[in-house]
Amino acid sequence: AKRNGRNRYEHFTLAMDDVARSRRVIENDLREAISGRQLRLYYQPITDGEAVQSIIGYEALMRWHHPVKGLIMPNDFIPIAEESGLIHMLGAYALYEACREATTWEGKQSVSVNLSPLQFKNSSLVSVVEAALRDSGLDPSRLEVEITESVLLDDSLGNIRTLESLKKLGVQIALDDFGTGYSSLSYLRSFPFDKIKIDKSFINDMGDSREALAIIRAITGMSRSLDIQITAEGVESSEQFAKLREEGCTLFQGYYFGRPQPSELRLKALD
Ligand code: C2E
Ligand code: CA
Ligand code: CA
Ligand code: CA
């Protein structure tokens, strides 16, 4: 039995070595990806439900065009970038690139960039945002950053102060994936967010889950009294769109309106 146990343990460590090795390979590839222009931002429209579905902005979503492996999605490389510290470089790239790209949009729509909670551990985050705005010449009010609740969970690093500094630059701040994780309504007291994005899992479940619908109702009800805009993400059908409008959502994002696309193929506002 002892021998067997050791064997199993050896298999386990070998498997772990494999995982570690393939992570290291990806990490090295990622280093090259940044300098080799393999990372690209795709843009997904965010529409205003009131104004005959006009596009008010785009969320920038990163894609990795790997020379051998092909297209790699963010959920498969952002965690590795976070663990290796490459997220700071990758995050700065996203900010510079999104701001630069948005200056070419005739419609003057806003651009939303996702920030990793780890980027808040770097004291230069505010100056990176400032530099991206300065270099591109983008009007700061056209940049929105999306953060998740985990940024607010631990304020020992002064994350709230960082958010206030970003706000002072004139940047919009959105709370992403709302309703998931540790979600607490009290977070909304810690910072005046411009927008809340209801996590797409609630939109997905809304049709057959009374609970999901009840949570959407609670969020939209509260947003009315706090005067915060609500974005419903992951809207895939006209039925969901109609229902969410009825519930008081004002902004919409999802495959029903358009998929993430390279900027040149981006769905243009119907103006
Ligand atoms: P997220 O910020 O919640 O972004 C929304 C995700 O939902 C995107 O996945 C988008 O393509 C997808 N989506 C949009 N509409 C629909 C829909 O109607 N149905 C379904 N099923 N999905 C929809 P994506 O592009 O794979 O990105 C996944 C996550 O990776 C993002 O979630 C975000 O957390 C992270 N991410 C992406 N780009 C960046 C980046 O530049 N920096 C950082 N730090 N994170 C990023
Ligand atoms: Ca987002
Ligand atoms: Ca989200
Ligand atoms: Ca997410």
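This dialogue discusses how to read a calcium site and several salt bridges in a predicted model.

Modeller: Residues are numbered from 1 along each chain as written, while chains are lettered from A and ligands numbered from 1 in written order. The model is predicted, so local features need pLDDT of at least 70, side-chain atom pairs count only at pLDDT 80 or more, totals for chains, interfaces and linings use all residues, and side-chain values use heavy atoms, without hydrogens and water.

Biologist: Which residues are the protein donors of the calcium ion (ligand 3)?

Modeller: Donors are N, O and S atoms within 2.8 Å of the metal (3.2 Å for Na, K and Ca); water is not among the atoms, so sites may look incomplete. Here Asp176, Asp177 and Glu233, the last listed twice through OE, lie 2.3 to 2.5 Å from the ion. Asp176 also bridges to the calcium ion (ligand 2), the two ions being 3.9 Å apart.

Biologist: Are Asp176 and Glu233 buried or exposed?

Modeller: Buried means under 20% relative accessible area, exposed over 50%, and partly exposed in between (1.4 Å probe, protein chains only). Both Asp176 and Glu233 are buried.

Biologist: How many salt bridges does the structure hold?

Modeller: A salt bridge is a side-chain nitrogen of Lys or Arg within 4 Å of a carboxyl oxygen of Asp or Glu. The structure holds 13. In one of them, Lys195 pairs with Glu144 at 2.8 Å between the closest N and O atoms. Lys195 is buried at 10%, and Glu144 is buried at 2%.

Biologist: Which residues are linked in a network of salt bridges?

Modeller: Arg217, Lys243, Glu246 and Glu247 are linked in this way. Within it, Lys243 and Glu246 meet at 3.6 Å, N to O; Lys243 is partly exposed at 26%, whereas Glu246 is exposed at 62%.
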